[in-house]
Amino acid sequence: MKKFLLTLLALSSISALASTPVEIHVPVDNVFSPKGFDSNDNAEVIISGYLPNLCHKAPSTSYKVIGNKIHIDVKALKYHESNPFCPEVQVPFVEAINVGVLDKGLYEIVVNEKTRYEKDASIRIDESSSDAIDDYIYANVEYIERKDNGSRIVELRGYNPSDCFELEEISVMNNGKDVYSILPRMKQVADFCPMKMVPFSYEMEVPNNLKAKSVLLHVRSMQGKSVNSVFPNR
């Protein structure tokens with residue numbers, strides 16, 4: 001009976017540990033810095049990484065800007081690994097961090113500083129050409145759909161809020177390293193714009209002039225948002 005009670009107590013302790021998470025830093029693979037942010041934009045830094053196993057949940061990010069340095073922490077909740085429901089399966093994630101409106105200049109980025117997962121990068125902010133938050137209206141892209149393996153064709157899919165907007169062009173720029181910034185610019189073709197959700201699918205070919213093994217497709221969307229997907233650059 002005593003042995004049975006001790007076993008129950010041990011199992012109870014393991015269960016309590018497994019159900020009490022702690023927040024820890026998690027591995028980061030890449031820090032992506034899209035080109036094209038001005039001093040009147042809400043600039044973004046995009047992080048890709050992975051959770052080491054299924055005992056890690058809910059990746060989250062935080063940041064602070066001190067001078068010309070952006071400090072970013074990438075953490076997740078870790079549950080006790082003695083939990084039997086903890087398969088050794090890595091879970092990839094992509095997180096976009098809105099670092100706010102920044103003055104023009106070059107900013108150093110440090111992610112998970114002073115940990116074994118520390119990564120460094122930089123981002124340049126250009127001077128704005130107008131007082132407007134954005135000079136263009138972008139399509140309301142919600143996700144990026146890839147074609148067959150090996151193809152560089154993707155589809156930008158989503159819903160525009162009215163049928164008075166049409167696609168004018170899809171402009172692409174890159175940061176010279178590992179990001180394609182994709183700008184699906186819209187034009188207004190009627191004065192009257194009734195609220196009407198209009199589905200769209202815009203097909204495009206991903207350029208092939210960056211050498212990184214994986215590149216980020218950073219698609220600007222309506223209302224200052226973005227959609228981001230890591231693309232194998234074969």
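**Exercise 1. Find the salt bridges that tie the chain together.**

Task: State how many salt bridges the structure holds, then place three of them by element.

Solution. The structure holds seven salt bridges. A salt bridge here is a side-chain nitrogen of Lys or Arg within 4 Å of a carboxyl oxygen of Asp or Glu. This is a predicted model: local features need pLDDT of at least 70, side-chain atom pairs count only at pLDDT 80 or more, and totals for chains, interfaces and linings use all residues. Residues are numbered from 1 along each chain as its sequence is written, and side-chain values use heavy atoms, with hydrogens and water left out.

Step 1. Take glutamate 113 and lysine 69. Their side chains meet in a salt bridge at 3.6 Å, N to O. Glutamate 113 sits in the loop between strand E7 (105-111) and strand E8 (119-125), and lysine 69 in strand E5 (residues 69-78), so the pair ties together parts that are 44 residues apart in sequence. Strands (E, at least two residues) and helices (H or I, at least four) are DSSP runs, numbered from the N terminus.

Step 2. Check the cover. Glutamate 113 is partly exposed, with a relative accessible area of 30%. Lysine 69 is also partly exposed, at 24%. The cut-offs are: buried under 20% relative accessible area, exposed over 50%, partly exposed in between (1.4 Å probe, protein chains only).

Step 3. Take aspartate 163 and lysine 196. This salt bridge spans 3.8 Å, N to O. Aspartate 163 lies in the loop between strand E10 (153-160) and strand E11 (165-174), and lysine 196 in the loop between strand E12 (179-188) and strand E13 (198-205), so the pair ties together parts that are 33 residues apart in sequence. Aspartate 163 is partly exposed at 39%. Lysine 196 is partly exposed at 45%.

Step 4. Take glutamate 169 and arginine 185. Their side chains meet at 3.1 Å, N to O. Glutamate 169 belongs to strand E11 and arginine 185 to strand E12, so the pair ties together parts that are 16 residues apart in sequence. Glutamate 169 is partly exposed, at 37% relative accessibility. Arginine 185 counts as buried, at 13%.

Step 5. Look for a network. Glu145, Lys147, Glu155 and Arg157 are linked by salt bridges into one.

**Exercise 2. Read two open sheets.**

Task: Give the strand order, edges and turn of the sheet with E2, E3 and E6, then do likewise for the sheet with E9, E10 and E13.

Solution.

Step 1. The strand order is E2-E3-E6, in an open sheet with antiparallel pairing. Two strands pair if DSSP finds at least two bridges between them. The edges are strand E2 (28-32) and strand E6 (91-101), each pairing on one side only. Neighbouring strands are turned by 15° against each other on average, direction ignored. Axes are lines fitted to C-alpha atoms, and angles run from 0 to 180 degrees between N-to-C directions.

Step 2. Count the bridges. Strand E3 (residues 42-51) and E6 run antiparallel and are joined by 10 bridges. One register point: glycine 49 has phenylalanine 93 in E6 as its bridge partner.

Step 3. Turn to the sheet E9-E10-E13. Its three strands form an open sheet with antiparallel pairing. Strand E9 (141-146) and E13 are the edges, each pairing on one side only. Here the average turn between neighbouring strands is 20°, direction ignored.

Step 4. Count again. Five bridges join E9 to E10, which run antiparallel. Tyrosine 143 stands opposite arginine 157 in E10.

**Exercise 3. Map the nonpolar cores.**

Task: Which residues have the most contacts inside the largest nonpolar core, and which elements give two or more residues to this core?

Solution.

Step 1. Define the set. A nonpolar core joins buried Ala, Val, Leu, Ile, Met, Phe, Trp, Tyr and Cys residues through side-chain atoms within 4.5 Å.

Step 2. Name the residues. The largest nonpolar core has 22 residues, and those with the most contacts inside it are Val31, Ile47, Ile70, Ile72, Val74, Ile109 and Val111. E2, E3, E5, E6, E7 and E8 each give two or more residues to this core.

Step 3. Find the other core. Apart from the largest one lies another, of 20 residues, including Met186, Phe200, Met204 and Leu217.

Step 4. Zoom in on isoleucine 70. Leaving aside neighbours within four places in sequence, isoleucine 70 is in contact (heavy atoms within 4.5 Å) with residues including Val99, Leu102, Tyr107, Ile109 and Ile123.
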